[in-house]
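Notebook open, structure loaded. I want to look at one helix, then the cores, then the charged pairs.

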Amino acid sequence: MSRVYNFSAGPAVMPEEVLEEAAAEMLDYQGTGMSVMEMSHRSAAYQKIIDEAEADLRDLMNIPDNYKVLFIQGGGHVQFAMVPMNLMKNGTADYIITGQWAKKAWQEAQKYGKANAIASSQDQTFSYIPDVSDLPVDPDADYVYICMNNTIYGTVFHELPDTKGKDLVADISSCFLSEPLDVSKFGILWGGVQKNVGPAGLAIAIVREDLIREDIDEKVPTMLKYSTYANSGSLYNTPPTYNIYMCGKVFKWLKKQGGLEEMKKRNEEKAALLYDFLDSSRLFHGTARKCDRSLMNVPFVTDSDELNALFVKEATEAGLLNLKGHRSVGGMRASIYNAMPVEGVRALVDFMKDFEEKHS
């Protein structure tokens, strides 16, 4: 069977070259006579895998020396809890609510202290990024939290909020490694890898060292302390070894492609193809405010639920998969992550043009 174009928001498309490499190494990783799936996380062979993965990520993102890279089991929902558990010293935090995942993080933080919603775009179904230039930041806030790219709604922070000196924490799950980012502007960057980096089951947190505290509530479980991972090189217990290995392969692939500047260029080209068509279409239209549009996730609709459903059905039959929008908003969504080739976006636009001709 030939490969389809997979527009899933996550778990999502991965580079074919990476999948082929992993397949070739499935039974025998570099002469060890075993798969990475079977390998002890305490072995020298595995230590090299995780060390190289971290080194390549540091290189790609130009991560400063005073930040730790932590490989943590679980996805976003674990981080929604870990952030307040580890950072709430004063028991207060400020959240900017720009979508379902920021809202869930804010709701989770309320279990551990006072979580203020200091800005929100819920009034217009999260279709825009609110003005974050002069926010009512709580003087006692331990941090300000954002979800940088909103997978469901197709919006992204093009400008970071003025946190008035407070540490900025960002969920970068769906824009992870899609373009260069100045790590030093954040206290913590974290992302679930299943959207743009690797297989589901792993989050990577990039944490400034002074935020890795030992003096947090003793009731915080050992595996929910950033210090546990920082002090053990992410090998305190058996980590998601195969996921880390696959992410490491993606990091090497990204470096081979030319790094994050090159990925930004490619992602801008892909997004422009799709947005330009949407802006000229008689049948389809995008749902995110133009100035806040994401390069990674592109939600769009027709004016008919029936046509939306028909489009998804016929696109699937044409080998354009997982275009159904999130259940909370409906319509369609094309996730065009790093591993989606420009040919896939061209095929989607061509299909949309044909569909429009038939149904306009």
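Which residues of α7 are buried? I looked them up, keeping in mind that this is a predicted model. The list runs G259, L260, M263, N267, K270, A271, L274, Y275, F277 and L278.

Next I checked what lies over them. The cover includes the helices α2 (44–61), α6 (241–257) and α9 (342–359). Strands are on that list too, including β11 (285–286), β12 (297–301) and β14 (332–335).

I also took the span of α7. This helix covers residues 259–280, 22 in number. From first C-alpha to last I get 32 Å, close to the 32 Å expected at 1.5 Å a residue.

Then the cores. The largest nonpolar core counts 87 residues, and M61, I204, F284 and F311 have the most contacts inside it. Its largest share comes from α6, which gives nine residues. A separate core of 28 residues lies apart from it, with Y145, A205, I212 and Y226 among its members. I jotted down the usual background: nonpolar side chains tend to be buried together in soluble globular proteins.

I picked F311 for a closer look. What does F311 touch, once neighbours within four places in sequence are left aside? I find F284, F300, L323, M332, L348, F351, M352 and F355 in contact with F311.

On the outside, I noted a nonpolar surface patch of about 330 Å², made by M26, L27 and M37. M37 sits in the loop between α1 (16–24) and α2. I call M37 exposed because its relative accessibility is 53%, and the cut-off is over 50%.

Last, the salt bridges: I have 26 of them in the structure. Back on α7, E262 pairs with R266 at 3.0 Å, N to O. These two are four residues apart in the helix, about one turn. Both ends come out partly exposed, E262 at 22% relative accessibility and R266 at 28%.

In α2, E52 and K48 form a salt bridge at 3.5 Å, N to O. They are about one helical turn apart because four residues separate them in that helix. E52 is partly exposed, at 30%. I followed the pair outward and found K48 and E52 linked with D56, D59, K252 and K255 in a network of salt bridges.

Is D292, the partner of R289, buried or exposed? The closest N and O atoms of D292 and R289 are 2.8 Å apart. D292 counts as buried at 8% relative accessibility, while R289 is partly exposed at 40%.

Note on methods: Residues numbered from 1 in each chain as written. Predicted model: local features only at pLDDT ≥ 70, side-chain atom pairs only at ≥ 80, totals over all residues. Heavy atoms only, no water. Expected span 1.5 Å × (residues − 1). Buried < 20%, exposed > 50% of the residue type's maximum accessible area, 1.4 Å probe, protein only. Contact = heavy atoms within 4.5 Å. Core = buried A, V, L, I, M, F, W, Y, C linked by side-chain atoms within 4.5 Å. Patch = residues over 30% accessible without salt bridge, like charges linked within 9 Å, V, L, I, M, F, W, Y side chains within 5 Å. Areas by Shrake-Rupley, 256 points an atom, 1.4 Å probe, with all protein chains shown as cover. Salt bridge = Lys/Arg side-chain N within 4 Å of Asp/Glu carboxyl O.
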